[in-house]
Structure formats: C-alpha cells, structure tokens
Amino acid sequence: MTISMDDKESNWEKDFSNLKDTIMQDGAIDNKTKKLLALASAVAVGCDECVSHHKKFASDAGLKDSEIEEAILVASLIRLGSGLRHVD
C-alpha cells in the first residue's frame, strides 16, 4: 500500500483539528478566555497570520473589541519585555 504525501497531510490536518477542538472546549478555562490566550500567544510569538486568524475567532466568539485589544496589549508587553532583557 502506498500512502501519498497528500494522505499524510490530510491525516495530520485532521488530527491537529481534533486536538484543537478538544483543547478549546470549555474546561477549567472557558472557551472565550482560551480564544484570548491563543490570540495573545500569537502576538507574543510574532505570527502575523496567526494573529489575524485568532482575532477573527475571538470576535466571532463574541469578545468585545476592547477585550481583544487589551489581550494584544498584554501580549505586546510580554514580547517587548523579553527583548529588553538584552539591554545592558
């Protein structure tokens, strides 16, 4: 049996999607807060594409623009602070 790269990618994407869905369910942390965490993480690591996606997910989940902006500001502070440690 031969498995093409397309098959492997499809399985990988499906597995990742299932993992994401499981992690993002309400648990000890509610889904809306998890969406803000995901957005903040994307900002902190500097992934522009991820930031765009997670801003949309947060907005679609009913989070207010002010909540989204504040999460971005907190993450930006962390990103800035991690760079400042290199200043002597």
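**Exercise 1. Burial and overall make-up**

What percentage of the 88 residues in the chain is made up by buried residues? Describe as well the secondary structure and the exposed surface of this predicted model.

*Solution.* Begin with burial: buried residues account for 17% of the 88 residues in the chain, where buried stands for a relative accessible area under 20%. Turn next to the secondary structure, which comes to 4 helices and 0 strands, so that the order of elements from the N terminus reads α-α-α-α. Then consider the surface, of which the chain exposes about 6900 Å², with carbon and sulfur atoms supplying 57% of that area. Finally, look at how the chain contacts itself: among contacts between residues at least 6 apart in sequence, 50% join residues that are at least 24 apart.

**Exercise 2. Confidence along the chain**

Determine which element has the lowest mean pLDDT and which has the highest, and set these values beside the average for the chain.

*Solution.* The chain averages a pLDDT of 91, and 90% of the residues score at least 70. Going element by element, helix α1 (residues 5–23) has the lowest mean pLDDT, at 84, whereas α3 has the highest, at 97. As a caution for reading any model of this kind, predicted coordinates should not be read in detail where pLDDT is low.

**Exercise 3. Salt bridges**

Find the salt bridges of the structure, and for each one work out how exposed its partners are.

*Solution.* The structure holds 2 salt bridges. In general terms, side chains of opposite charge can pair when their charged atoms come close.

- Step one concerns D21 and K20, whose side chains meet in a salt bridge with an N to O distance of 2.9 Å. D21 has a relative accessible area of 39% and is partly exposed, and K20, likewise at 39% relative accessibility, counts as partly exposed.
- Step two concerns D60 and K56, which form a salt bridge whose closest N and O atoms are 2.6 Å apart. Because D60 and K56 are 4 residues apart in helix α3 (residues 48–60), about one helical turn separates them. D60 is exposed, with a relative accessible area of 54%, while K56, at 48%, is partly exposed.

**Exercise 4. A nonpolar patch**

Which residues make the nonpolar surface patch of about 300 Å², and where does L80 lie?

*Solution.* The patch is made by L80, L84 and V87. To place L80, note that this residue lies in helix α4 (residues 65–84). Its relative accessible area is 52%, and L80 is therefore classed as exposed, given that the cut-off for exposed is over 50%.

**Exercise 5. Cysteines**

How many disulfides does a search of the whole structure find, and how accessible are C47 and C50?

*Solution.* The search finds 0 disulfides, a disulfide being in general a covalent bond between the sulfur atoms of two cysteines. The accessibility of the two residues is then read one at a time: C47 has 23% relative accessibility and counts as partly exposed, and C50, with 31%, also counts as partly exposed.

**Exercise 6. Two residues and their surroundings**

Locate A61 and H54, and list what each touches beyond residues up to four places away in sequence.

*Solution.* Take A61 to begin with, which sits in the loop between α3 and α4 and is partly exposed, with a relative accessible area of 22%. Leaving out residues up to four places away in sequence, A61 touches K32 and K35. For K32, the separation from A61 is 29 residues in sequence and 6.6 Å in space, C-alpha to C-alpha.

H54, by contrast with the loop position of A61, is found in helix α3, and at 23% relative accessibility H54 counts as partly exposed. With neighbours within four places in sequence set aside, H54 is in contact with A38, L39 and A42. The C-alpha atoms of H54 and S41, which are 13 residues apart along the chain, are separated by 9.6 Å.

Notes:
Residues are numbered from 1 along each chain as its sequence is written. This is a predicted model: local features need pLDDT of at least 70, side-chain atom pairs count only at pLDDT 80 or more; totals for chains, interfaces and linings use all residues. Side-chain values use heavy atoms; hydrogens and water are left out. A salt bridge is a side-chain nitrogen of Lys or Arg within 4 Å of a carboxyl oxygen of Asp or Glu. Buried means under 20% relative accessible area, exposed over 50%, partly exposed in between (1.4 Å probe, protein chains only). Helices (H or I, at least four residues) and strands (E, at least two) are DSSP runs, numbered from the N terminus. Patches are made of residues with over 30% relative accessible area and no salt bridge: like charges are joined within 9 Å, nonpolar side chains (Val, Leu, Ile, Met, Phe, Trp, Tyr) within 5 Å. Accessible areas come from the Shrake-Rupley method with a 1.4 Å probe; for residues, only the protein chains shown count as cover. pLDDT is the predictor's confidence in each residue, from 0 to 100. A disulfide is a pair of cysteine sulfur atoms within 2.5 Å. Contact means heavy atoms within 4.5 Å.
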